[in-house]
Amino acid sequence: MGDKYLRKLLIVGMTSLVRRARYNPKTVDPRLADLLARKPVRVATVAMANKTARIIWAVMARGETYRAGHRPALAI
């Protein structure tokens, strides 16, 4: 759902990342490499675009800056 243009941009961006992963697998996120090993390319592309959209939303909603590799603490 949401903005079709923004969704398209995220898909195009992730498609570029997947193409880069094919030629240079050592430089990409290991989660992407694992996902590509398990799922078809288009499914992995859309899944990574969805993940990126969720990260963008969380950063904007909290007014924070993006921190690569950040692992949130588990609520107990």
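Good morning. A residue is called buried when its relative accessible area is under 20%, and exposed when that value is over 50%. With that in mind, buried residues make up 17% of the 76 residues in this protein chain. Please note that what we are looking at is a predicted model.

Let me start with the overall layout. The chain has 3 helices and 0 strands, so that, read from the N terminus, its elements run α-α-α. Along the principal axes, the C-alpha atoms fill a box of roughly 35 × 30 × 20 Å. If we consider contacts between residues at least 6 apart in sequence, 43% of them join residues at least 24 apart.

I turn now to the interior. Which residues form the largest nonpolar core? There are 11 of them: Leu10, Ile11, Met14, Val18, Ala21, Val28, Leu32, Leu35, Ala44, Met48 and Ala49. Helix H1, which covers residues 4-23, contributes two or more residues to this core, as do H2 and H3. The largest share, 5 residues, comes from H1.

Next, the packing of two helices against each other. Helix H2 spans residues 30-38 and helix H3 spans residues 41-62; their axes come within 9 Å and cross at roughly 145 degrees. This crossing is right-handed. On the H2 side, the contact is made by Arg31, Leu32, Leu35 and Leu36, and on the H3 side by Val41, Ala44, Ala47, Met48 and Lys51. Sorted by class, that gives 7 nonpolar residues, no polar ones and 2 charged ones.

Helix H3 deserves a closer look. How far apart are the end C-alpha atoms of H3? They are 32 Å apart, and because a helix should advance 1.5 Å a residue, the 22 residues of H3 should span 32 Å, which agrees. Immediately after H3 comes glycine 63, whose phi is positive, near 70 degrees.

Which residues of H3 are buried? They are Ala44, Thr45, Met48, Ala49 and Ala58. What covers these residues includes H1 and H2. A general point about helices helps in reading such a list: an α-helix has 3.6 residues a turn, so residues three or four places apart point the same way.

Let us take some of these residues individually, beginning with alanine 44 in helix H3. Its relative accessible area is 0%, and therefore alanine 44 is buried. Setting aside neighbours within four places in sequence, alanine 44 is in contact with Leu35 and Leu36. Alanine 44 and methionine 14 are 30 residues apart along the chain, yet their C-alpha atoms are separated by 8.9 Å.

Threonine 45 also lies in helix H3. Is threonine 45 buried or exposed? With a relative accessible area of 2%, threonine 45 is below the 20% limit and is therefore buried. Apart from residues up to four places away in sequence, threonine 45 touches Ile11, Met14, Thr15 and Val18. Alanine 49, under that condition on sequence distance, touches Leu10, Ile11 and Met14.

By way of contrast, consider arginine 42, again in helix H3. Its relative accessibility is 53%, so arginine 42 counts as exposed. Nevertheless, leaving out residues up to four places away in sequence, arginine 42 touches Ile11 and Thr15. Arginine 42 and valine 18 are 24 residues apart in sequence and 9.3 Å apart in space, C-alpha to C-alpha.

Two further exposed residues complete the survey. Arginine 38 is found in helix H2, and at 59% relative accessibility it counts as exposed. The C-alpha atoms of arginine 38 and arginine 54 are separated by 22 Å, with their positions 16 residues apart along the chain counted as their spacing. Glycine 69 is found in the segment after H3, and its relative accessibility of 65% is why glycine 69 counts as exposed. From glycine 69 to glycine 13 the distance is 19 Å, C-alpha to C-alpha, for residues 56 apart in sequence.

To summarise, this predicted model has 3 helices and 0 strands. H1, H2 and H3 each give two or more residues to the largest nonpolar core, and H2 and H3 meet in a right-handed crossing. Within H3, alanine 44 and threonine 45 are among the buried residues, whereas arginine 42 is exposed. Thank you for your attention.

Notes: Residues numbered from 1 in each chain as written. Predicted model: local features only at pLDDT ≥ 70, side-chain atom pairs only at ≥ 80, totals over all residues. Heavy atoms only, no water. Axes fitted to C-alpha atoms, helices over the stretch in contact; angles between N-to-C directions. Helix = DSSP H or I, 4+ residues; strand = E, 2+ residues; numbered from the N terminus. Left-handed = near helix turned anticlockwise from the far one by under 90°. Contact = heavy atoms within 4.5 Å. Nonpolar A, V, L, I, M, F, W, Y, C, P; charged D, E, K, R; others polar. Buried < 20%, exposed > 50% of the residue type's maximum accessible area, 1.4 Å probe, protein only. Core = buried A, V, L, I, M, F, W, Y, C linked by side-chain atoms within 4.5 Å. Expected span 1.5 Å × (residues − 1).
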